[in-house]
Amino acid sequence: MRIGTRLTLVLLACILPVLAAYTYWSVGQSNVYVNELKQSARAVSSGVAPSVDEEVIAQEWNKIGDAFRKMDAEGTRSALLRKDGKLWYSLSDFPAELISAAQVQLAQRNSAEFGPTAGVKNWFCELVPLKSQGGEVIGYLLEVQDWTKVARDSRAQSIASFVVAIALLGVVATVIPMTVHRYVSRPLADLSAKVVKFSSDDSDRGGGSEVELLSEEFRRLDQQLNRARSDLEQRHRRELELERELQRADRLATIGALAAGLAHEIGTPMGVIRVRAEDLQQDETISADSRVKLGVIVRQIDRIARIVRMLLDYARKSESHKAICDLRAIADRALALLEPEAAHRNVRTIARLGEIPLLVNCDADQIEQVFVNMIMNALDAMQRGGGTLRVTAQTEHIRDGSRVMLAFEDTGAGVAPEHEDRLFSPFFTTKEPGKGTGMGLAVSQSIIREHDGEIMFSSGPSGSRFVVAIPMTSSEIIDHERGSREQRRE
(Lines give C-alpha, C1' and ligand atoms only; values in the text may rest on other atoms or scores of the structure.)
Protein backbone atom coordinates (compact mmCIF):
# COMPACT_ATOMS: atom_id res chain seq x y z
CA MET A 1 0.00 0.00 0.00
CA ARG A 2 1.36 3.40 -1.00
CA ILE A 3 2.27 5.90 1.67
CA GLY A 4 -0.29 8.41 0.35
CA THR A 5 -3.12 5.93 0.82
CA ARG A 6 -1.91 5.03 4.30
CA LEU A 7 -1.63 8.66 5.31
CA THR A 8 -5.13 9.40 3.96
CA LEU A 9 -6.64 6.55 5.96
CA VAL A 10 -4.80 7.63 9.12
CA LEU A 11 -5.95 11.23 8.78
CA LEU A 12 -9.55 10.17 8.18
CA ALA A 13 -9.37 7.89 11.20
CA CYS A 14 -8.18 10.87 13.26
CA ILE A 15 -10.83 13.26 11.91
CA LEU A 16 -13.84 10.96 12.41
CA PRO A 17 -13.66 10.94 16.24
CA VAL A 18 -13.40 14.74 16.20
CA LEU A 19 -16.53 15.06 14.08
CA ALA A 20 -18.35 12.55 16.28
CA ALA A 21 -17.33 14.50 19.37
CA TYR A 22 -18.55 17.74 17.75
CA THR A 23 -21.94 16.20 16.96
CA TYR A 24 -22.25 14.84 20.49
CA TRP A 25 -21.33 18.23 21.93
CA SER A 26 -23.89 20.04 19.76
CA VAL A 27 -26.65 17.70 20.90
CA GLY A 28 -25.48 18.14 24.47
CA GLN A 29 -25.81 21.91 24.14
CA SER A 30 -29.51 21.54 23.37
CA ASN A 31 -29.86 19.29 26.40
CA VAL A 32 -28.18 21.96 28.51
CA TYR A 33 -30.82 24.46 27.38
CA VAL A 34 -33.61 21.99 28.30
CA ASN A 35 -32.06 21.35 31.72
CA GLU A 36 -31.91 25.08 32.37
CA LEU A 37 -35.62 25.36 31.57
CA LYS A 38 -36.37 22.49 33.97
CA GLN A 39 -34.39 24.17 36.74
CA SER A 40 -36.36 27.39 36.15
CA ALA A 41 -39.64 25.46 36.35
CA ARG A 42 -38.53 23.78 39.59
CA ALA A 43 -37.67 27.15 41.08
CA VAL A 44 -41.15 28.49 40.25
CA SER A 45 -42.80 25.42 41.77
CA SER A 46 -40.71 25.63 44.93
CA GLY A 47 -41.71 29.27 45.36
CA VAL A 48 -45.42 28.77 44.74
CA ALA A 49 -45.99 25.57 46.75
CA PRO A 50 -45.71 27.04 50.31
CA SER A 51 -48.28 29.79 49.64
CA VAL A 52 -50.64 27.33 47.96
CA ASP A 53 -50.39 25.05 51.03
CA GLU A 54 -51.71 27.80 53.28
CA GLU A 55 -54.47 28.88 50.89
CA VAL A 56 -55.67 25.28 50.40
CA ILE A 57 -55.80 24.71 54.12
CA ALA A 58 -57.73 28.00 54.51
CA GLN A 59 -60.01 27.09 51.54
CA GLU A 60 -59.25 30.45 49.90
CA TRP A 61 -60.13 29.34 46.35
CA ASN A 62 -60.43 32.88 45.00
CA LYS A 63 -56.84 33.66 45.86
CA ILE A 64 -55.78 30.32 44.40
CA GLY A 65 -57.64 31.14 41.19
CA ASP A 66 -56.04 34.58 40.93
CA ALA A 67 -52.59 33.04 41.43
CA PHE A 68 -53.27 30.37 38.78
CA ARG A 69 -54.41 33.02 36.27
CA LYS A 70 -51.24 35.08 36.82
CA MET A 71 -49.09 31.98 36.34
CA ASP A 72 -51.09 31.06 33.23
CA ALA A 73 -50.34 34.48 31.75
CA GLU A 74 -46.62 33.77 32.30
CA GLY A 75 -46.80 30.39 30.50
CA THR A 76 -47.34 28.02 33.44
CA ARG A 77 -50.69 26.30 33.98
CA SER A 78 -51.59 24.87 37.36
CA ALA A 79 -54.07 22.47 38.93
CA LEU A 80 -54.69 21.02 42.38
CA LEU A 81 -55.05 17.24 42.79
CA ARG A 82 -56.30 15.44 45.82
CA LYS A 83 -54.20 12.88 47.60
CA ASP A 84 -55.74 10.08 45.52
CA GLY A 85 -55.00 11.94 42.27
CA LYS A 86 -58.49 13.24 41.51
CA LEU A 87 -58.91 16.83 40.39
CA TRP A 88 -59.40 19.20 43.29
CA TYR A 89 -59.27 22.61 41.60
CA SER A 90 -58.18 24.07 38.26
CA LEU A 91 -59.08 26.76 35.78
CA SER A 92 -61.63 25.87 33.17
CA ASP A 93 -59.19 25.61 30.25
CA PHE A 94 -56.73 23.23 31.95
CA PRO A 95 -56.03 20.22 29.64
CA ALA A 96 -57.88 17.17 30.96
CA GLU A 97 -55.42 14.72 29.39
CA LEU A 98 -52.70 16.08 31.66
CA ILE A 99 -54.83 15.25 34.70
CA SER A 100 -54.98 11.64 33.50
CA ALA A 101 -51.23 11.53 32.90
CA ALA A 102 -50.61 12.88 36.41
CA GLN A 103 -52.93 10.24 37.92
CA VAL A 104 -50.93 7.52 36.13
CA GLN A 105 -47.69 8.98 37.49
CA LEU A 106 -49.07 8.97 41.05
CA ALA A 107 -50.50 5.48 40.72
CA GLN A 108 -47.21 4.07 39.49
CA ARG A 109 -45.20 6.18 41.94
CA ASN A 110 -42.98 7.39 39.11
CA SER A 111 -40.90 10.53 38.97
CA ALA A 112 -42.55 13.80 39.94
CA GLU A 113 -41.45 15.20 36.56
CA PHE A 114 -42.83 13.84 33.29
CA GLY A 115 -43.32 15.04 29.73
CA PRO A 116 -46.47 13.66 28.09
CA THR A 117 -47.35 14.34 24.49
CA ALA A 118 -50.94 15.39 23.91
CA GLY A 119 -51.86 15.72 20.27
CA VAL A 120 -49.31 17.86 18.54
CA LYS A 121 -48.11 19.45 21.76
CA ASN A 122 -45.29 18.54 24.09
CA TRP A 123 -45.66 19.32 27.78
CA PHE A 124 -43.39 19.46 30.78
CA CYS A 125 -45.24 18.55 33.99
CA GLU A 126 -44.21 18.61 37.62
CA LEU A 127 -46.03 17.31 40.71
CA VAL A 128 -45.30 19.16 43.97
CA PRO A 129 -46.67 17.65 47.21
CA LEU A 130 -48.93 19.91 49.39
CA LYS A 131 -48.59 19.30 53.09
CA SER A 132 -50.60 20.20 56.17
CA GLN A 133 -49.08 21.94 59.17
CA GLY A 134 -48.37 18.50 60.65
CA GLY A 135 -46.38 17.50 57.55
CA GLU A 136 -49.03 15.16 56.12
CA VAL A 137 -49.52 15.16 52.33
CA ILE A 138 -53.01 16.52 51.56
CA GLY A 139 -52.68 16.87 47.80
CA TYR A 140 -50.49 17.80 44.85
CA LEU A 141 -49.82 20.94 42.87
CA LEU A 142 -49.61 20.07 39.17
CA GLU A 143 -47.74 22.64 37.09
CA VAL A 144 -47.39 22.24 33.33
CA GLN A 145 -45.62 24.20 30.58
CA ASP A 146 -46.08 23.97 26.83
CA TRP A 147 -42.70 22.86 25.49
CA THR A 148 -43.79 22.18 21.92
CA LYS A 149 -41.53 24.92 20.53
CA VAL A 150 -38.66 23.82 22.79
CA ALA A 151 -38.90 20.23 21.55
CA ARG A 152 -39.11 21.42 17.94
CA ASP A 153 -36.04 23.65 18.35
CA SER A 154 -34.08 20.87 20.05
CA ARG A 155 -34.83 18.43 17.25
CA ALA A 156 -33.94 21.03 14.65
CA GLN A 157 -30.62 21.76 16.34
CA SER A 158 -29.75 18.06 16.55
CA ILE A 159 -30.59 17.57 12.85
CA ALA A 160 -28.56 20.66 11.92
CA SER A 161 -25.58 19.40 13.90
CA PHE A 162 -25.78 16.03 12.19
CA VAL A 163 -26.03 17.63 8.74
CA VAL A 164 -23.03 19.88 9.48
CA ALA A 165 -21.02 16.87 10.64
CA ILE A 166 -21.86 14.95 7.46
CA ALA A 167 -20.93 17.98 5.33
CA LEU A 168 -17.63 18.41 7.14
CA LEU A 169 -16.90 14.72 6.71
CA GLY A 170 -17.52 15.03 2.99
CA VAL A 171 -15.23 18.05 2.70
CA VAL A 172 -12.49 16.36 4.72
CA ALA A 173 -12.79 13.13 2.74
CA THR A 174 -12.29 15.16 -0.45
CA VAL A 175 -9.60 17.61 0.66
CA ILE A 176 -7.32 15.17 2.50
CA PRO A 177 -6.73 12.77 -0.44
CA MET A 178 -6.09 15.69 -2.80
CA THR A 179 -3.67 17.37 -0.38
CA VAL A 180 -1.84 14.13 0.41
CA HIS A 181 -1.48 13.34 -3.28
CA ARG A 182 -0.12 16.80 -4.09
CA TYR A 183 2.22 17.35 -1.15
CA VAL A 184 3.18 13.79 -0.16
CA SER A 185 2.57 11.11 -2.78
CA ARG A 186 3.78 13.01 -5.83
CA PRO A 187 6.97 14.46 -4.21
CA LEU A 188 7.82 11.05 -2.75
CA ALA A 189 7.35 9.42 -6.14
CA ASP A 190 9.65 11.99 -7.77
CA LEU A 191 12.26 11.56 -5.01
CA SER A 192 12.10 7.78 -5.32
CA ALA A 193 12.62 7.97 -9.06
CA LYS A 194 15.68 10.23 -8.64
CA VAL A 195 17.20 8.05 -5.92
CA VAL A 196 16.74 4.92 -8.02
CA LYS A 197 18.18 6.72 -11.04
CA PHE A 198 21.40 7.72 -9.26
CA SER A 199 21.78 4.50 -7.28
CA SER A 200 24.77 2.36 -8.18
CA ASP A 201 23.03 -0.83 -7.07
CA ASP A 202 21.02 -2.57 -9.80
CA SER A 203 19.55 -5.27 -7.55
CA ASP A 204 15.81 -5.91 -7.41
CA ARG A 205 14.13 -3.42 -5.08
CA GLY A 206 10.80 -5.18 -4.81
CA GLY A 207 7.38 -3.55 -4.90
CA GLY A 208 7.21 -1.88 -1.53
CA SER A 209 6.03 1.64 -0.74
CA GLU A 210 8.00 4.79 -1.47
CA VAL A 211 9.18 4.97 2.15
CA GLU A 212 10.46 1.39 2.10
CA LEU A 213 12.30 2.06 -1.16
CA LEU A 214 13.83 5.28 0.18
CA SER A 215 14.76 3.60 3.46
CA GLU A 216 16.65 0.89 1.60
CA GLU A 217 18.47 3.41 -0.59
CA PHE A 218 19.35 5.63 2.37
CA ARG A 219 20.61 2.56 4.24
CA ARG A 220 23.01 1.87 1.41
CA LEU A 221 24.09 5.51 1.36
CA ASP A 222 24.61 5.36 5.11
CA GLN A 223 26.91 2.37 4.73
CA GLN A 224 28.94 4.19 2.11
CA LEU A 225 29.14 7.34 4.24
CA ASN A 226 30.21 5.32 7.28
CA ARG A 227 33.04 3.74 5.31
CA ALA A 228 34.10 7.17 4.03
CA ARG A 229 33.90 8.65 7.52
CA SER A 230 35.96 5.81 8.95
CA ASP A 231 38.66 6.44 6.32
CA LEU A 232 38.63 10.17 7.08
CA GLU A 233 38.84 9.55 10.82
CA GLN A 234 41.83 7.29 10.39
CA ARG A 235 43.58 9.85 8.23
CA HIS A 236 42.71 12.63 10.65
CA ARG A 237 43.92 10.55 13.59
CA ARG A 238 47.26 9.93 11.91
CA GLU A 239 47.62 13.61 11.01
CA LEU A 240 46.66 14.66 14.56
CA GLU A 241 49.13 12.23 16.11
CA LEU A 242 51.87 13.48 13.79
CA GLU A 243 51.04 17.09 14.60
CA ARG A 244 51.10 16.41 18.35
CA GLU A 245 54.38 14.58 18.08
CA LEU A 246 55.90 17.46 16.15
CA GLN A 247 54.64 19.99 18.68
CA ARG A 248 55.84 17.89 21.59
CA ALA A 249 59.20 17.21 19.95
CA ASP A 250 59.77 20.92 19.35
CA ARG A 251 58.69 21.84 22.86
CA LEU A 252 60.63 19.10 24.60
CA ALA A 253 63.71 19.66 22.44
CA THR A 254 63.79 23.30 23.49
CA ILE A 255 63.20 22.56 27.15
CA GLY A 256 65.57 19.62 27.10
CA ALA A 257 68.31 21.70 25.51
CA LEU A 258 67.85 24.45 28.08
CA ALA A 259 67.76 22.00 30.95
CA ALA A 260 70.77 20.01 29.69
CA GLY A 261 72.76 23.14 29.07
CA LEU A 262 71.84 24.56 32.43
CA ALA A 263 72.68 21.32 34.17
CA HIS A 264 76.01 21.08 32.34
CA GLU A 265 76.96 24.68 33.08
CA ILE A 266 76.04 24.78 36.73
CA GLY A 267 75.96 21.16 37.77
CA THR A 268 79.68 20.50 38.38
CA PRO A 269 80.68 24.01 39.52
CA MET A 270 77.78 24.19 41.92
CA GLY A 271 78.60 20.76 43.27
CA VAL A 272 82.18 21.80 43.92
CA ILE A 273 81.06 25.07 45.49
CA ARG A 274 78.60 23.23 47.72
CA VAL A 275 81.23 20.77 48.93
CA ARG A 276 83.68 23.60 49.54
CA ALA A 277 81.05 25.62 51.40
CA GLU A 278 80.25 22.65 53.62
CA ASP A 279 83.96 22.15 54.34
CA LEU A 280 84.33 25.81 55.25
CA GLN A 281 81.38 25.53 57.59
CA GLN A 282 83.30 22.89 59.53
CA ASP A 283 86.37 25.10 59.79
CA GLU A 284 86.54 26.43 63.33
CA THR A 285 88.57 29.43 62.23
CA ILE A 286 85.56 30.74 60.27
CA SER A 287 83.42 33.22 62.17
CA ALA A 288 79.80 32.53 63.04
CA ASP A 289 78.62 35.21 60.63
CA SER A 290 80.54 33.58 57.81
CA ARG A 291 79.04 30.21 58.67
CA VAL A 292 75.56 31.71 58.36
CA LYS A 293 76.42 33.15 54.97
CA LEU A 294 77.84 29.81 53.87
CA GLY A 295 74.61 28.15 55.02
CA VAL A 296 72.64 30.56 52.83
CA ILE A 297 74.91 29.68 49.89
CA VAL A 298 74.32 25.95 50.47
CA ARG A 299 70.55 26.44 50.57
CA GLN A 300 70.56 28.48 47.36
CA ILE A 301 72.67 25.83 45.64
CA ASP A 302 70.15 23.17 46.75
CA ARG A 303 67.37 25.36 45.40
CA ILE A 304 69.10 25.66 42.01
CA ALA A 305 69.60 21.90 41.90
CA ARG A 306 65.93 21.32 42.72
CA ILE A 307 64.82 23.66 39.93
CA VAL A 308 67.08 21.90 37.45
CA ARG A 309 65.65 18.52 38.46
CA MET A 310 62.10 19.84 38.05
CA LEU A 311 62.93 21.25 34.62
CA LEU A 312 64.43 17.94 33.54
CA ASP A 313 61.39 16.08 34.88
CA TYR A 314 59.11 18.43 32.96
CA ALA A 315 61.07 17.85 29.74
CA ARG A 316 61.25 14.06 30.16
CA LYS A 317 58.90 12.13 27.86
CA SER A 318 56.37 9.97 29.68
CA GLU A 319 53.56 7.69 28.62
CA SER A 320 50.12 9.25 28.82
CA HIS A 321 47.92 7.74 31.53
CA LYS A 322 45.14 8.94 33.76
CA ALA A 323 44.99 8.52 37.52
CA ILE A 324 43.20 10.15 40.43
CA CYS A 325 45.29 13.16 41.42
CA ASP A 326 45.02 16.19 43.66
CA LEU A 327 44.99 19.30 41.46
CA ARG A 328 46.56 21.30 44.26
CA ALA A 329 49.76 19.27 43.98
CA ILE A 330 49.89 19.73 40.21
CA ALA A 331 49.33 23.47 40.54
CA ASP A 332 52.07 23.67 43.19
CA ARG A 333 54.52 21.87 40.89
CA ALA A 334 53.76 24.27 38.02
CA LEU A 335 54.18 27.29 40.31
CA ALA A 336 57.45 25.94 41.70
CA LEU A 337 58.75 25.27 38.19
CA LEU A 338 58.16 28.86 37.12
CA GLU A 339 58.96 30.48 40.44
CA PRO A 340 62.43 31.68 39.27
CA GLU A 341 60.94 33.18 36.11
CA ALA A 342 58.25 34.96 38.13
CA ALA A 343 60.89 36.35 40.52
CA HIS A 344 63.00 37.44 37.57
CA ARG A 345 60.03 39.39 36.18
CA ASN A 346 59.17 40.88 39.57
CA VAL A 347 55.85 39.03 39.70
CA ARG A 348 54.36 38.04 43.03
CA THR A 349 52.48 34.72 43.05
CA ILE A 350 49.64 34.07 45.48
CA ALA A 351 48.16 30.57 45.66
CA ARG A 352 44.99 29.91 47.61
CA LEU A 353 44.08 26.33 46.87
CA GLY A 354 42.28 25.41 50.10
CA GLU A 355 42.78 22.54 52.50
CA ILE A 356 40.37 20.05 50.91
CA PRO A 357 41.84 17.69 48.25
CA LEU A 358 40.64 18.50 44.73
CA LEU A 359 40.51 15.00 43.27
CA VAL A 360 40.17 14.53 39.51
CA ASN A 361 40.82 11.65 37.14
CA CYS A 362 43.46 13.12 34.85
CA ASP A 363 46.82 12.80 33.14
CA ALA A 364 48.95 14.79 35.60
CA ASP A 365 51.64 15.62 33.01
CA GLN A 366 49.09 17.04 30.58
CA ILE A 367 47.33 19.07 33.27
CA GLU A 368 50.70 20.37 34.47
CA GLN A 369 51.42 21.45 30.90
CA VAL A 370 48.11 23.39 30.87
CA PHE A 371 48.93 25.10 34.18
CA VAL A 372 52.44 25.99 32.95
CA ASN A 373 50.91 27.54 29.81
CA MET A 374 48.46 29.56 31.93
CA ILE A 375 51.22 30.83 34.22
CA MET A 376 53.58 31.66 31.35
CA ASN A 377 50.82 33.59 29.56
CA ALA A 378 50.16 35.54 32.75
CA LEU A 379 53.87 36.35 33.17
CA ASP A 380 54.12 37.47 29.54
CA ALA A 381 51.00 39.64 29.96
CA MET A 382 52.62 41.52 32.86
CA GLN A 383 55.91 42.01 30.97
CA ARG A 384 58.82 43.50 32.93
CA GLY A 385 56.76 45.88 35.02
CA GLY A 386 55.89 43.17 37.49
CA GLY A 387 52.51 42.47 39.01
CA THR A 388 50.55 39.83 40.87
CA LEU A 389 49.46 36.37 39.79
CA ARG A 390 46.66 34.82 41.84
CA VAL A 391 45.84 31.14 41.62
CA THR A 392 42.63 30.22 43.43
CA ALA A 393 40.52 27.08 43.56
CA GLN A 394 36.90 26.38 44.34
CA THR A 395 34.33 23.69 43.64
CA GLU A 396 31.10 24.10 41.76
CA HIS A 397 28.07 21.81 41.91
CA ILE A 398 26.60 20.93 38.52
CA ARG A 399 23.77 18.67 37.42
CA ASP A 400 25.90 15.52 37.09
CA GLY A 401 28.16 16.10 40.10
CA SER A 402 30.86 18.64 40.97
CA ARG A 403 33.84 20.18 39.23
CA VAL A 404 36.99 22.05 40.20
CA MET A 405 37.30 25.68 39.12
CA LEU A 406 41.01 26.68 39.11
CA ALA A 407 41.42 30.38 38.28
CA PHE A 408 44.60 32.15 37.06
CA GLU A 409 44.30 35.93 37.43
CA ASP A 410 46.98 38.42 36.42
CA THR A 411 47.26 42.19 36.64
CA GLY A 412 48.46 42.68 33.08
CA ALA A 413 47.05 44.82 30.32
CA GLY A 414 44.35 42.31 29.38
CA VAL A 415 43.36 41.14 25.91
CA ALA A 416 42.06 43.51 23.26
CA PRO A 417 38.36 42.88 22.41
CA GLU A 418 39.19 42.27 18.75
CA HIS A 419 41.50 39.38 19.76
CA GLU A 420 39.13 37.56 22.13
CA ASP A 421 37.40 35.48 19.44
CA ARG A 422 40.75 34.17 18.14
CA LEU A 423 42.38 33.63 21.51
CA PHE A 424 42.19 29.81 21.35
CA SER A 425 42.91 29.56 17.62
CA PRO A 426 46.07 27.62 16.70
CA PHE A 427 49.11 29.74 15.80
CA PHE A 428 47.43 32.97 16.93
CA THR A 429 49.60 35.07 19.23
CA THR A 430 49.91 38.71 20.25
CA LYS A 431 53.52 38.25 21.39
CA GLU A 432 56.50 39.63 19.54
CA PRO A 433 57.95 37.49 16.70
CA GLY A 434 60.10 34.69 18.04
CA LYS A 435 58.52 34.80 21.53
CA GLY A 436 55.50 32.62 20.99
CA THR A 437 54.09 30.00 18.64
CA GLY A 438 50.42 30.63 19.35
CA MET A 439 49.86 26.96 20.28
CA GLY A 440 49.82 27.21 24.08
CA LEU A 441 46.11 28.02 24.58
CA ALA A 442 44.99 25.83 21.66
CA VAL A 443 46.85 22.83 23.08
CA SER A 444 45.59 23.60 26.59
CA GLN A 445 42.00 23.77 25.40
CA SER A 446 42.39 20.45 23.58
CA ILE A 447 43.82 18.78 26.70
CA ILE A 448 41.06 20.07 28.97
CA ARG A 449 38.34 18.99 26.53
CA GLU A 450 39.84 15.48 26.53
CA HIS A 451 39.28 15.59 30.31
CA ASP A 452 35.60 16.57 29.78
CA GLY A 453 36.32 20.08 31.06
CA GLU A 454 36.47 23.59 29.66
CA ILE A 455 38.55 26.76 29.81
CA MET A 456 36.67 30.02 30.44
CA PHE A 457 38.12 33.45 29.82
CA SER A 458 37.40 37.04 30.79
CA SER A 459 39.51 40.15 30.40
CA GLY A 460 39.48 43.81 31.32
CA PRO A 461 41.75 46.81 31.77
CA SER A 462 42.96 45.44 35.13
CA GLY A 463 44.04 42.05 33.80
CA SER A 464 42.87 38.68 32.49
CA ARG A 465 41.29 35.70 34.19
CA PHE A 466 41.46 32.13 32.89
CA VAL A 467 39.40 29.46 34.65
CA VAL A 468 40.15 25.77 34.11
CA ALA A 469 37.10 23.63 35.00
CA ILE A 470 37.52 19.84 35.36
CA PRO A 471 34.94 17.34 36.70
CA MET A 472 35.77 15.95 40.14
CA THR A 473 35.88 12.27 40.98
CA SER A 474 34.05 10.67 43.88
CA SER A 475 36.95 8.32 44.60
CA GLU A 476 39.14 8.94 47.63
CA ILE A 477 42.23 7.28 46.09
CA ILE A 478 45.06 9.72 45.34
CA ASP A 479 47.93 9.08 42.98
CA HIS A 480 50.72 9.49 45.49
CA GLU A 481 53.41 9.58 42.84
CA ARG A 482 52.01 12.81 41.38
CA GLY A 483 49.92 13.85 44.35
CA SER A 484 52.57 14.53 46.97
CA ARG A 485 52.19 18.23 47.63
CA GLU A 486 54.94 20.67 48.24
CA GLN A 487 54.45 23.52 50.64
CA ARG A 488 52.15 26.16 49.12
CA ARG A 489 53.34 29.70 48.81
CA GLU A 490 51.56 32.97 49.33
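Contact here means heavy atoms within 4.5 Å. The model is predicted. With that in hand, start at helix 3.

Helix 3 runs over residues 96–107. It has 12 residues and reaches 17 Å from its first C-alpha to its last. That is close to the 16 Å expected at 1.5 Å a residue. Which residues of helix 3 are buried? They are Leu98, Ile99, Ala101, Ala102 and Gln105. These residues cover an arc of only 165° around the axis, so they lie on the same side of helix 3. The spacing follows a general rule. An α-helix has 3.6 residues a turn, so residues three or four places apart point the same way.

What covers the buried residues of helix 3? The cover includes strand 1 (76–82), strand 2 (87–90) and strand 3 (113–114). It also includes strand 5 (121–131) and strand 6 (137–146). The face turned away from the buried side carries exposed Ala96 and Ala107. Arg109 follows helix 3, and its phi is positive, near 50°.

Now move along the chain to a sheet. Here 5 strands form an open sheet in the order 8-10-11-13-12, with mixed pairing. Strand 8 (347–352) and strand 12 (454–460) stand at the edges. Each has a single partner strand, so one side of each is left without a neighbour in the sheet. From one strand to the next, the twist averages 20°.

Strand 8 pairs with strand 10 (residues 387–398) in the parallel sense, over 6 bridges. Arg348 has Thr388 in strand 10 as its bridge partner. Helix 9 (residues 364–382) packs on this sheet. Helix 9 touches strand 8, strand 10, strand 11 (401–410), strand 12 and strand 13 (463–471). Its direction makes about 30° with that of strand 11.

Methods. Residues are numbered from 1 along each chain as its sequence is written. This is a predicted model: local features need pLDDT of at least 70, side-chain atom pairs count only at pLDDT 80 or more; totals for chains, interfaces and linings use all residues. Side-chain values use heavy atoms; hydrogens and water are left out. Two strands pair if DSSP finds at least two bridges between them. Helices (H or I, at least four residues) and strands (E, at least two) are DSSP runs, numbered from the N terminus. Axes are lines fitted to C-alpha atoms, for helices over the stretch in contact, and angles run from 0 to 180 degrees between N-to-C directions. The expected span of a helix is 1.5 Å times one less than its number of residues. Buried means under 20% relative accessible area, exposed over 50%, partly exposed in between (1.4 Å probe, protein chains only). The arc is that of the directions from the helix axis to the C-beta atoms.
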